[in-house]
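Hi everyone, thanks for coming. I'd like to walk you through one structure today, and I'll keep it informal.

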Amino acid sequence: MGIVLLCLILGLAVAIERIIYLNLATTNSAKLKQQVEDALASGGVEAAKEVCRNTKGPVASIFYQGLDRAGEGLESAEKAVVAYGGVQMGQLEKNVSWLSLFIAIAPMLGFMGTVIGMIQAFQKIAAVGNLSASLIAGDIQVALLTTVFGLIVAIILQIFYNYIIAKIDSIVNDMEDSSISLIDMLAAHKK
């Protein structure tokens, strides 16, 4: 049971860290796009880069990389946006695989506890030589509790995992949509 509890604690630690990181990574992209567009129109690429430097989040970072390469041409800016989008996506997904590992092993550890408990119950039966319900009831109860606890841990962590994946998908969609908008802004600014 201790190992299953450790899975819960570590899984919750990873989940809470990811939720905090993802909430901090969420920005008002519509507002950022408007500020970058206004800065491009009034002060050029350097003013737009300054707006991105002063804004947190992956969308602002991607915008900055695209604007930084804007002088090399639209194609170079687009390549920088795509490449840096992949980097940002990797940062969003960081440590999520650990969460899925804890989801997978918690029930297995619970089942292992059940098997160990049943082995102990049968060893008692063999040692005493007769079957008495009171003799093995405690071992069977502990065995089944480990399974229940393993399943509960997996269910709790699965809820957090699904929330995190949905949040990552939302941010990635926002990054992709915003990237297209940036390239369109750069193309309009070049004309």
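Let's begin with a term. A salt bridge, as used here, is a side-chain nitrogen of Lys or Arg within 4 Å of a carboxyl oxygen of Asp or Glu. Keep in mind, too, that what you're looking at is a predicted model.

So, which side chains does Glu75 meet in a salt bridge? Its partner here is Lys79, with 3.6 Å from N to O, and that fits inside the 4 Å limit. Both residues sit in helix α4, and because they are four residues apart, about one helical turn separates them. Are they buried or exposed? Lys79 counts as exposed, at 55% relative accessibility, and Glu75 is exposed as well, with 56%. The cut-off for calling a residue exposed is over 50%.

Salt bridges can also share partners: Glu46, Lys49, Asp68 and Arg69 are joined into one network that way. Let me zoom in on one pair from it. Asp68 and Lys49 form a salt bridge whose closest N and O atoms are 2.9 Å apart. This pair links distant parts of the chain, with Asp68 in helix α3 and Lys49 in helix α2, 19 residues apart. Asp68 is partly exposed at 35% relative accessibility, whereas Lys49 is buried at 8%.

Here's another pair to find on your screen. Glu17 and Arg18 have side chains that meet in a salt bridge, at 2.9 Å from N to O. Glu17 is partly exposed, with a relative accessible area of 34%, while Arg18 is buried, at 2%. And how many salt bridges does the count come to? Seven.

Now for the helices. Take α1, residues 2–25. Why do we say its length agrees with expectation? Because its 24 residues, at 1.5 Å a residue, should span 34 Å, and the end C-alpha atoms are indeed 34 Å apart. The buried residues of α1 include Val4, Leu8, Gly11, Val14 and Leu22, and Arg18, from the salt bridge a moment ago, is on that list too. What covers the buried residues of α1? The cover includes α3, α4, α5 and α6.

Back to α4 for a moment. This helix has 19 residues and reaches 27 Å from its first C-alpha to its last, close to the 27 Å expected. Among the buried residues of α4 are Ser76, Ala77, Ala80, Val81 and Gly85. They pack against α1, α3, α5 and α6.

Then there's α5, with 33 residues. From first C-alpha to last, α5 reaches 49 Å, close to the 48 Å expected at 1.5 Å a residue. Right after α5 comes Gly129, which has a positive phi, near 95°.

Next, please find Ser178, which lies in helix α6. Is Ser178 buried or exposed? Buried, at 0% relative accessibility. Which residues does Ser178 touch, leaving out those up to four places away in sequence? The contacts are Ser29, Lys33, Val59 and Phe63. Look at Lys33 in particular: Ser178 and Lys33 are 145 residues apart along the chain, and 7.3 Å separates their C-alpha atoms.

Last stop, the largest pocket. Its volume is about 200 Å³. Which elements give two or more residues to its lining? Those are α4 and α6. In total the pocket is lined by 13 residues, and the ones nearest its centre are Val81, Val82, Gly85, Glu176 and Ser179. We already met two of those, Val81 and Gly85, among the buried residues of α4. By class, eight residues of the lining are nonpolar, three are polar and two are charged.

If you'd like to retrace the tour, go back to Lys79 and Glu75 in α4, then look at the pocket that α4 helps to line along with α6. That's it from me, thanks for listening!

Notes:
Residues are numbered from 1 along each chain as its sequence is written. This is a predicted model: local features need pLDDT of at least 70, side-chain atom pairs count only at pLDDT 80 or more; totals for chains, interfaces and linings use all residues. Side-chain values use heavy atoms; hydrogens and water are left out. On a 1 Å grid over the protein atoms alone, a cavity is a set of points where a 1.4 Å probe fits but cannot get out, and a pocket is an open set with protein on both sides within 12 Å along at least five of seven lines; lining residues have an atom within 4 Å of a point. Grid points are joined across faces, edges and corners, and a volume is the space filled by probe spheres set on the points. Ala, Val, Leu, Ile, Met, Phe, Trp, Tyr, Cys and Pro count as nonpolar, Asp, Glu, Lys and Arg as charged, and the others, Gly among them, as polar. The expected span of a helix is 1.5 Å times one less than its number of residues. Buried means under 20% relative accessible area, exposed over 50%, partly exposed in between (1.4 Å probe, protein chains only). Contact means heavy atoms within 4.5 Å.
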